[in-house]
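Thank you for making time this morning. I would like to walk you through one model, going from its charged pairs to its core and then out to its loops.

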Amino acid sequence: MKQSGECSHVTDRNLPSLGLALLPVVLTLGLLALQLFYFGDFTPHIPLVIGLAITGLLGVLRGQKWTDIREGVFHVIHVSLPSLSVLIVVGMIIGVWIASGTVPTLIYYGLTLLNPSIFLAAAMILCAVVSLSLGTSWGTVGTIGVALMGIGAGFGIPMYWTAGAIVSGAFFGDKISPLSDTTNLAPAVTGVNIFDHIQNMLPTTVPAMLIALGIYIVAGYGLIEPADTSLQAITQITERLSQDFNLGLIPLLPALLVIALALFRQPPLPSLFAGVLLGGVIAIFQQGVGLHDVFTFAQSGYAIDTGIADIDTLLNKGGIQSMMWTISLMLIALGFGGALERTGCLESIILSIVNKVKSFTAVQSSAIFTAFATNVVAGDPYISIALPGRMYAPLYRGMGYSTLNLSRAVEEGGTLMSPLIPWNAGGAFVITALGLGIMDGNLENLLYIPLAFACWTAPVIGVFYAITGLFSPKASEQDRTNWANDNEDIMDLTDHDHLGDPGPSKEAMPI
C-alpha cells in the first residue's frame, strides 16, 4: 500500500506554480465575462479558443512539446465522443419525432389532461422517471423535455420555469441511474462499488428532489395565476395539432420503444437511434411524409408554417444542424479542459487546495467546489468528475474516510452543476435542445439556472452533511483491506495532526 506526502498523481515533471496555473484560467474567465456581459453576446466559443491558445503557449514556454499538449486536447475530446454522438442522435430525434407525431401527440394530451397548477411538479417527476430508465439526462431533455416545453408554452408558463423543472428531473435520474455514464465514472475514479455509490447519494438526492417538488407545487398554485393561461390559446393549439397530425397510440411507439430498450439495459445510443428509425417509419406510413422529407427533418429539423406563431415556435426545431452550435462549443471547451489538464494547470490548482484543507468539513466542501469550479473552467462534466476524483482520493484514504464521500461530492459538483453553466457541455445542450433562445438575446431564460432547484440544493445539502458529519461514512476494515489489495494510494498525514486517520468507526465496521 503506497504512502505519499503529496497526492500520488504528481508526476516527475514540474507542475506550474499556482500563480501560473491560474493565469490562463483567470484570463479566459475575463474574456468570457467581456463577451457575455459587456458585449452582450452569448457566444463563448472565441474566448475559449483564446484560452486554449494561452494554455498551450504557457505549456510550450515551460518546456512542454506542442505535440504533447495537442495529444492531451484530443484525448479529452476522444473520451467525450460518446456524448457528442448522443447530441447528434438527439437532434435527429427531435426533428423526426415531430414529423412522426410523437411530440405533437405528447403536447396534445399534455394540454388536455394535465392541470396547469401541477404541471411543473409533474414535469419534474416525469423527467426523473424517464432519465432513471434511460440513464441519460441529455436523451431525456432532448425527447420528453421538448414535448414538455410545448405543453408549458400552451399553458402560458414562462419557459424558464418549465426548463428548470425539466433539468431538475432529468439530471436527478442521470445522477443515480446505474445506466448513466457519469454514475459509473464517479465510483470508478474513486474506487467504490457503483451500487454503494448510488445508495450513498440518496441522502442528498432525495431531500433535494422533495424540496424542488414542494417549490414547483407552490409555484404552480401560487405564482402561476390561472389568468396567465389562455383557454383559447390551448384550444387553438390542440385543434391545429389534431388537424395537422394523426394523433393517437401509434405515434407514441418510438418513445415507448426507447424506454423499453432502456429497461432491458440496452446501450443509450443504439436505443435512441432505434427511436429515430421507428419515428421515420411512422412519419412515412402514419403521417404521409416522404422518405426524403424524413431525411431533411433529421438533418435540418422539422419545418411547418401554420400561420399561428405559437405552434410554429413549438414545432419548427430539431435536426443535426440544430446541434452544431452546441457541438462546436463542446469541442472547444473540451479542448480547453484537455490543455489545462495536460499542462498541469488543473492539477496544480487542485493540489494547492488539497494541501491547505484542515478538516473533513473543508475536504468534503472543497471536493464539491473543485468539481464545480472544474466544470466552470474546463466546460466538461467528465473532467470535473475524473480529475478531482483522482486527486482527492488519497487524501480521503489518509484521513480514514470512505471514498464514497468523494464519489458523492464529485457527482454533486460535476453532474448536477453541469447544466447550470451555460458554456459547459451540459448547459449548452440544455439551452439548445429546449430552444431557450439565449443566442438570440432572450437572456431572461437563463433564469432556468436558479429554478433548477434539485441541481443546486443537493450540493448545499452535501456541504451541510460535511459540517454536521451526517451521512459521512468513515472507512471500514473492508475498505482498508480493499485499498491494500488494490494497492491504492494513501496520503501520509503523520505531519498533519488535524487530518489524522480517525480509524474505522463502529458504524463503519462490518457486522
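Let me begin with a question: in helix 21, by how many helical turns are arginine 408 and glutamate 412 separated? They are 4 residues apart in that helix, so the separation is about one helical turn. Helices here, I should say, are DSSP runs of H or I with at least four residues, numbered from the N terminus.

Before I go further, two remarks on the source. This is a predicted model, in which local features need a pLDDT of at least 70 and side-chain atom pairs count only at pLDDT 80 or more, while totals for chains, interfaces and linings use all residues. Residues are numbered from 1 along each chain as its sequence is written, and side-chain values use heavy atoms, with hydrogens and water left out.

Back to the pair in helix 21. The side chains of arginine 408 and glutamate 412 meet in a salt bridge, at 4.0 Å from N to O, where a salt bridge means a side-chain nitrogen of Lys or Arg within 4 Å of a carboxyl oxygen of Asp or Glu. Arginine 408 counts as buried at 0% relative accessibility, and glutamate 412 is buried with a relative accessible area of 0%. By buried I mean under 20% relative accessible area, by exposed over 50%, and by partly exposed anything in between, with a 1.4 Å probe and protein chains only.

Glutamate 411 also lies in helix 21, which covers residues 404-413, and at 0% relative accessibility it counts as buried. Leaving aside residues up to four places away in sequence, glutamate 411 touches Lys175, Thr182, Thr183, Ala186, His197, Met201, Ile385 and Leu416, contact being heavy atoms within 4.5 Å.

How many salt bridges does the structure hold? There are 3. One of them joins aspartate 68 to arginine 342, with the closest N and O atoms 3.0 Å apart. That pair links distant parts of the chain, since aspartate 68 sits in helix 3 (residues 66-79) and arginine 342 in helix 17 (residues 324-342), 274 residues apart. Aspartate 68 counts as partly exposed at 27% relative accessibility, and arginine 342 counts as partly exposed at 22%.

Aspartate 244 and arginine 240 also form a salt bridge, their closest N and O atoms being 2.8 Å apart; both lie in helix 12, 4 residues apart, or about one turn of the helix. Aspartate 244 is partly exposed, with a relative accessible area of 27%.

Now to the interior. The largest nonpolar core has 146 residues, of which Phe171, Tyr216, Leu315, Tyr392 and Leu395 touch the most other members; such a core is a set of buried Ala, Val, Leu, Ile, Met, Phe, Trp, Tyr and Cys residues joined through side-chain atoms within 4.5 Å. Helix 4 (residues 81-99) gives the most to this core, with 12 residues.

Helix 15 offers a two-sided picture. In this helix, residues 291-300, Val294, Phe297 and Ala298 are buried. Seen down the axis of helix 15, these buried residues fall within an arc of 95 degrees, so they line one face, the arc being that of the directions from the helix axis to the C-beta atoms. The buried residues of helix 15 pack against helix 4 and helix 14 (268-285), whereas His292 and Phe295 are exposed on the other side. Glycine 301, with a positive phi near 100 degrees, follows helix 15.

Finally, the loops. Is tryptophan 423, in the loop between helix 21 and helix 22, buried or exposed? Tryptophan 423 is buried, with a relative accessible area of 14%, and, again leaving aside residues up to four places away in sequence, it touches Leu32, Leu36, Pro44, Leu329, Ala333 and Val376. By contrast, phenylalanine 471, in the loop between helix 24 (453-468) and helix 25 (477-485), counts as partly exposed at 45% relative accessibility. Its phi is near 50 degrees, a positive value in a residue other than glycine.

I will stop there and take your questions.

How values were computed. Helix = DSSP H or I, 4+ residues; strand = E, 2+ residues; numbered from the N terminus.
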